[in-house]
Amino acid sequence: MIAAADFNITKVERSKLNDINLSNIPFGKYFTDHMLEVDYEDGEWKTPEIKPYQPLLIEPSLAAIHYGQSIFEGIKAYKNDKGEAAIFRPQDNFKRFNISAERMQMPAVPEEIFMEGLKLLVSLDSNWIPQKEDHSLYIRPFMFSTDEMIGVKPSEKYKFMIILSPTGPYYNAPMRIYVEEKYVRAVPGGVGYAKAAGNYGSAMFATAEAKKIGYDQVLWTDAYEHKYVQECGTMNVFFIIGNKAITPDLGAGTILAGITRDSAMAVLKEMGFTVEEKALSIDEIIEAHKAGILHEVFGTGTAATISLIKELRYKDYVMKFSVEQWNTAPALKARLNAIRYGKVPDIHNWMYKVD
Ligand code: COI
């Protein structure tokens, strides 16, 4: 059992914070003063270290680079008006992290290292949490294989790290989305439900193709028929059809079990919607659009929060939306933000206090 006292902590001599303007920051470009680093070797996790953010020295033969045993999480910390820091649902990210680890044949990270490490690190760098609407401290836990050998097999050594990045909005404006029917993100039996680094790398080609014709991201469809929708860019996706909020179900193992997705479902229910998780086909979406009952489409994600979709294109059928007139997604975002920034009671127990 690892406790706070078991972490080796080395602090920076001078914070870089004075050199950065926290009121205007792009996503994921700046990193805080400290990071967490723990090695796994000989079947056990070594002493966790919190130390100044710094480069890693790696061998060219590092297994992760060659065969992609690499997973990550995305979490956010917020500050309320009183300046108190809290992290949004980190235990859920911890659980999902080890689900990803299992799928990628990597060791589980013990809860004490993940949760205590997260808390110590965020508390140490809490001055970096921006106190502005739509801004937060993005927390990036990740693990990769560190064997220095290029045989194809699960590595014997791993590194688990957490880095922190003060951040503004990920997608700045309502998005134009291309419904993908050639490339595939995930297949049943594959790694779609895991937060494996390769899922993001392998999505880049199709996304670049969509960008060439003016779209921001793709809406992935199933591998067999290109009929059932899955995820959208780095997000889960919701459709407000009639008085229902519909999101693709997780049954086929092709979709990440988003924590913002889960939170959105809970809040949408509180807002009076019937929430349905089901296999949702593009035909059903188009029918709803033709019938005038497809009211809103939006993505949910830790980085993206709630992102409005102003256009969906499937083959030659284009669905355009007047997002300025929408009520649901903006209200959902406002409700989630009120919880995150401590403006309403945290009835779900989602905020994990840092101090
Ligand atoms: C997140 O929302 O945390 C994600 O994983 C998206 C990220 C790849 C930017």
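In which sense do strand E16 (residues 294-301) and E17 pair, and over how many bridges? I began my notebook with this one. The two strands pair in the antiparallel sense, over four bridges. A reminder to myself: I am looking at a predicted model.

**Entry 1: E17 and its partners**

I stayed with E16 and E17 a little longer. They form a hairpin, with three residues between them. I looked up one bridge as an example: Gly-299 has Ser-307 in E17 as its bridge partner.

Next I asked which other strands pair with E17. Strand E10 (residues 175-179) pairs with E17 in the parallel sense, again over four bridges. Here I noted that the bridge partner of Arg-176 is Glu-311 in E17. Strand E18 (residues 317-320) is joined to E17 by four bridges, and these two run antiparallel. In that pair, Tyr-314 has Tyr-317 in E18 as its bridge partner.

Is E17 largely enclosed or open? I counted eight buried residues among the 10 of strand E17 (residues 305-314), so the strand is largely enclosed by the rest of the structure.

**Entry 2: the turn after E17**

E17 and E18 form a hairpin with two residues between them. One residue in this turn caught my eye: Lys-315 has a positive phi of about 50°. I wrote down the background for this: most residues other than glycine have a negative phi. Lys-315 is a residue other than glycine with a positive value, and I put it on my list for that reason. Is Lys-315 buried or partly exposed? Its relative accessible area is 42%, so I call it partly exposed.

I found another residue for the list. Asp-134 has a phi near 70°, also a positive value in a residue other than glycine. I located Asp-134 in the loop between helix H3 (111-124) and E8. With 29% relative accessibility, Asp-134 counts as partly exposed.

**Entry 3: E13**

How many residues of strand E13 (residues 236-241) are buried? Six of the six are, so E13 is largely enclosed by the rest of the structure. I then checked which way the residues point. Asn-236, Phe-238 and Ile-240 point one way from E13, while Val-237, Phe-239 and Ile-241 point the other way, and all are buried.

E13 also brought me back to E16. Six bridges join E13 to E16, and the two run antiparallel. For one of these bridges I noted Asn-236, whose partner in E16 is Thr-300. Strand E14 (residues 244-248) is joined to E13 by three bridges, also antiparallel. There, Ile-240 has Ala-245 in E14 as its bridge partner. E13 and E14 make a hairpin with two residues between the strands, where Gly-242 takes a positive phi near 60°.

**Entry 4: E6 and Leu-137**

I moved on to strand E6 (residues 75-79). Five of its five residues are buried, and the strand is mostly covered. Ile-75, Ala-77 and Lys-79 point one way, and Lys-76 and Tyr-78 the other way.

Which strands pair with E6? E8 does, in the antiparallel sense over three bridges. Strand E7 (residues 85-88) does too, in the antiparallel sense and over three bridges. Ala-77 was a handy residue to follow: it stands opposite Leu-137 in E8, and its bridge partner in E7 is Ile-87. E6 and E7 form a hairpin with five residues between them, and Gly-83 in that turn has a positive phi of about 85°.

I looked up Leu-137 as well. Leu-137 lies in strand E8 (residues 136-145). Its relative accessible area is 0%, so Leu-137 is buried.

**Entry 5: the ligand**

Where does the ligand sit? The space it takes is the largest pocket. Among the residues around the ligand I listed Phe-27, Phe-72, Tyr-138, Arg-140, Lys-195, Thr-302 and Ala-303.

Then I looked up some distances. A polar side-chain atom of Lys-195 lies 2.4 Å from an oxygen atom of the ligand. For Thr-302, a backbone N or O atom lies 3.2 Å from a ligand oxygen atom. For Ala-303, a backbone N or O atom lies 2.7 Å from an oxygen atom of the ligand. How much of the ligand does the protein bury? Taken alone the ligand exposes 280 Å², and the protein buries 93% of that.

Definitions and conventions: Residues are numbered from 1 along each chain as its sequence is written. This is a predicted model: local features need pLDDT of at least 70, side-chain atom pairs count only at pLDDT 80 or more; totals for chains, interfaces and linings use all residues. Side-chain values use heavy atoms; hydrogens and water are left out. Buried means under 20% relative accessible area, exposed over 50%, partly exposed in between (1.4 Å probe, protein chains only). Two strands pair if DSSP finds at least two bridges between them. A residue is near a molecule or strand if one of its heavy atoms lies within 4 Å of it. A polar contact is a pair of N or O atoms within 3.5 Å; within protein, one must be able to donate a hydrogen and the other to accept it, and residues adjacent in sequence count only if both atoms are side-chain atoms. Accessible areas come from the Shrake-Rupley method with a 1.4 Å probe; for residues, only the protein chains shown count as cover. On a 1 Å grid over the protein atoms alone, a cavity is a set of points where a 1.4 Å probe fits but cannot get out, and a pocket is an open set with protein on both sides within 12 Å along at least five of seven lines; lining residues have an atom within 4 Å of a point. A molecule sits in a cavity or pocket if more than half of its atoms lie within 2 Å of its grid points.
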